[in-house]
Amino acid sequence: MSRYTLGLDYGSDSVRALLVDVATGEELASHLVNYPRWAQGLYCDPSKDQFRQHPQDYIDSLVEVVNGLWSHVPAGTADKVVGMSFDTTGSTPVAINSQGTPLALTEEFAENPNAMFILWKDHTSIKEANEITQAATNNDVNYLSHMGGIYSSEWYWAKALHIFRVDSSVKAATYSWVEHCDWMTALMCGTTHPEALKLGRCATGHKQMWNEQWGGFPPNSFFTSIDPLLDGVVDTLNATTEPSDQVAGNLTAEWAEKLGLPQGIVIGYGAFDCHMGAVAANVRPGVLTKVMGTSTCDITVTSKEQLGDTCVKGICGQVDGSVIPGLIGLEAGQSAFGDLYAWFKNLVLWPTRQLTNLSDAEQALVNKLEDSILVDLSNAAAALPVTSSDVTALDWVNGRRTPDADQSVAMALTGLKMGTDAPKFFKALVEATAFGARAITERFQSEGVPIESVVVIGGISKKSDYVMQTCADVWNCPIDVLESEQSCALGAAIMAAVAAGEHATVADAQKVMASSVCHQYLPNPERVAVYDALYANYQALASYVNGDKA
Ligand SMILES: Nc1ncnc2c1ncn2[C@@H]1O[C@H](COP(=O)(O)OP(=O)(O)O)[C@@H](O)[C@H]1O
Ligand SMILES: O=C(CO)[C@@H](O)[C@@H](O)COP(=O)(O)O
């Protein structure tokens with residue numbers, strides 16, 4: 001009898017569900033649901049770098065996205081599901097009360113953005129991140145040694161401290177903080193109470209300073225040395241963390257009924273989207289898997305023997321078992337990738353968005369512009385020559401995640417002239433994202449982590465030949481595109497299959513369930529040299545912007 005697992009991928013804008021055959025890797029059905037409150041722009045203020053998501057969005061969209069699968073498969077398929085796992089964005093934590101309930105799910109805080117999930121891209125906690133970096137760096141034990149040495153405003157402790165400082169009512173009602181991927185897992189298992197809450201290795205190791213080298217989390221005294229407001233939080237956390245191939249619990253009767261699934265099926269430990277996506281991409285030492293979406297997230301793995309005592313500088317951490325059990329998972333990424341293109345799209349379409357009382361024909365024209373502008377700009381940019389005097393831009397429109405996190409920096413450009421039109425400007429932005437990615441690969445290599453090939457997943461890898469060809473030319477290496485349209489959800493389904501005992505190891509599961517490559521981009525040799533020159537311009541501009549801050 002066929003058996004299936006379910007992967008749930010919570011992206012920034014939407015949740016995707018994927019149903020996978022554990023014996024063949026066949027993707028039987030997928031479904032996508034956009035978060036309703038997020039889609040209205042509620043609880044966010046981009047001018048303040050504030051991005052919050054209501055927990056009810058996650059709950060409502062979960063029920064809709066899973067039940068949306070069953071109309072696409074034969075009756076009775078749901079009864080053959082044996083496991084389910086989650087991947088989410090990260091670090092996206094929420095304050096919970098002593099019962100384990102996110103505060104925004106209580107009446108008092110239902111409309112308070114500080115009581116909601118603080119999305120990974122929310123950069124309101126830059127000051128707090130800098131204080132954590134200083135405290136760790138000056139401490140006898142550097143708790144950031146395995147997290148790249150710099151704490152980011154995109155991560156758990158900075159977000160928690162910032163909310164405590166700006167909202168005393170939330171501080172008073174908060175018992176602890178939990179990552180999105182761990183809370184979804186606990187919700188399915190009925191283990192959201194802090195005393196029952198289980199934490200995954202991925203989120204704790206990459207964002208919460210957990211490491212077996214110091215026996216788990218840093219001591220409470222470290223956190224109170226930063227600010228007494230953090231007193232006691234770390235003591236509420238379960239310091240026993242597990243990789244995603246382990247069983248976190250079993251589906252409760254309540255959620256089995258809501259989702260149309262068998263009660264008691266295995267729920268695997270949750271992890272971040274790119275770490276699960278890397279599993280679907282067959283990540284292994286020497287392979288860099290890159291999730292290319294609104295942002296990018298780079299994952300590679302290596303052995304403890306290869307890495308030795310090296311603490312890789314300026315990345316998002318190196319964690320034993322955060323991707324593949326038994327291997328060190330290393331994470332990097334860019335805070336904006338597709339978001340940089342979306343920023344430019346919003347810029348050039350501002351006038352049309354001011355129009356009101358449009359006729360049907362006028363509205364149709366505006367809609368066409370909205371739907372086609374990135375494609376049109378890409379086609380025009382692809383036809384342009386590439387010269388060493390072209391406009392050069394930085395990709396730091398949402399700060400810099402890696403190498404060397406600094407969310408206070410912004411983008412900059414050089415070479416703008418009267419003849420710089422929208423396609424030339426867009427070309428510079430696409431090249432900027434490719435340059436930012438190249439800087440990450442060069443950091444891994446300079447720190448002794450081998451990168452010999454690149455596998456790309458995520459929306460952009462399938463949306464734009466122009467972006468992908470530019471990346472191949474700038475990186476001067478072949479780029480393999482994964483077949484699966486939902487690689488992160490596929491990785492979660494693979495981990496659920498191992499947790500459910502359908503495969504003895506992740507490697508065994510990958511053999512039959514991981515996705516194949518559907519396309520390869522090869523560098524244009526005649527463009528490699530000129531991109532090397534433009535990359536030097538990028539590096540000079542980056543140094544200038546960084547130097548400004550010295
Ligand atoms: N034709 C295109 N060319 C380049 N980028 C695109 C195109 N269409 C959409 N995008 C970008 O794709 C990104 C969304 O990627 P996707 O992987 O679907 O989302 P998420 O990162 O939330 O998973 C957006 O930032 C958008 O700007
Ligand atoms: O940063 C991480 C994981 O560490 C990602 O969750 C974050 O870049 C969000 O990814 P998306 O661009 O929304 O897919």
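In the predicted model, the contact between helix H10 and helix H18 is made by Asp 273, Met 276, Gly 277, Val 279 and Ala 280 of H10 together with Ser 487, Cys 488, Leu 490, Gly 491, Ala 492, Ile 494 and Met 495 of H18. By residue class, this contact of H10 with H18 comprises eight nonpolar, three polar and one charged residue. The axes of H10 (residues 273–280) and H18 (residues 487–499) are 7 Å apart and enclose an angle of about 75°. H10 is therefore roughly perpendicular to H18, since angles of 65 to 115 degrees fall in that class.

H10 also packs on a sheet, where it touches strands S14, S15, S17 (328–334), S20 (451–457) and S21 (479–482). The direction of H10 makes about 55° with that of S15. The sheet is open and consists of seven strands with mixed pairing, in the order S16-S17-S15-S14-S20-S21-S22. Its edges are occupied by strand S16 (318–320) and strand S22 (517–521); each has a single partner strand, so one side of each lacks a neighbour in the sheet. From one strand to the next, the twist averages 25°.

Within this sheet, strand S14 (residues 286–292) and strand S15 (residues 296–302) are joined by four bridges in the antiparallel sense. Val 291 has Cys 297, in S15, as its bridge partner. A further helix, H15 (residues 422–446), lies across S14, S15, S17 and S20. The direction of H15 runs at about 150° to S17. Strands S14, S15, S17 and S20 are thus touched by H10 and crossed by H15.

Note on methods
Residues are numbered from 1 along each chain as its sequence is written. Chains are lettered from A and ligands numbered from 1 in the order in which they are written. This is a predicted model: local features need pLDDT of at least 70, side-chain atom pairs count only at pLDDT 80 or more; totals for chains, interfaces and linings use all residues. Side-chain values use heavy atoms; hydrogens and water are left out. Two strands pair if DSSP finds at least two bridges between them. Helices (H or I, at least four residues) and strands (E, at least two) are DSSP runs, numbered from the N terminus. Axes are lines fitted to C-alpha atoms, for helices over the stretch in contact, and angles run from 0 to 180 degrees between N-to-C directions. Contact means heavy atoms within 4.5 Å. Angles under 35 degrees count as roughly parallel, over 145 as roughly antiparallel, 65 to 115 as roughly perpendicular and the rest as oblique. Ala, Val, Leu, Ile, Met, Phe, Trp, Tyr, Cys and Pro count as nonpolar, Asp, Glu, Lys and Arg as charged, and the others, Gly among them, as polar.
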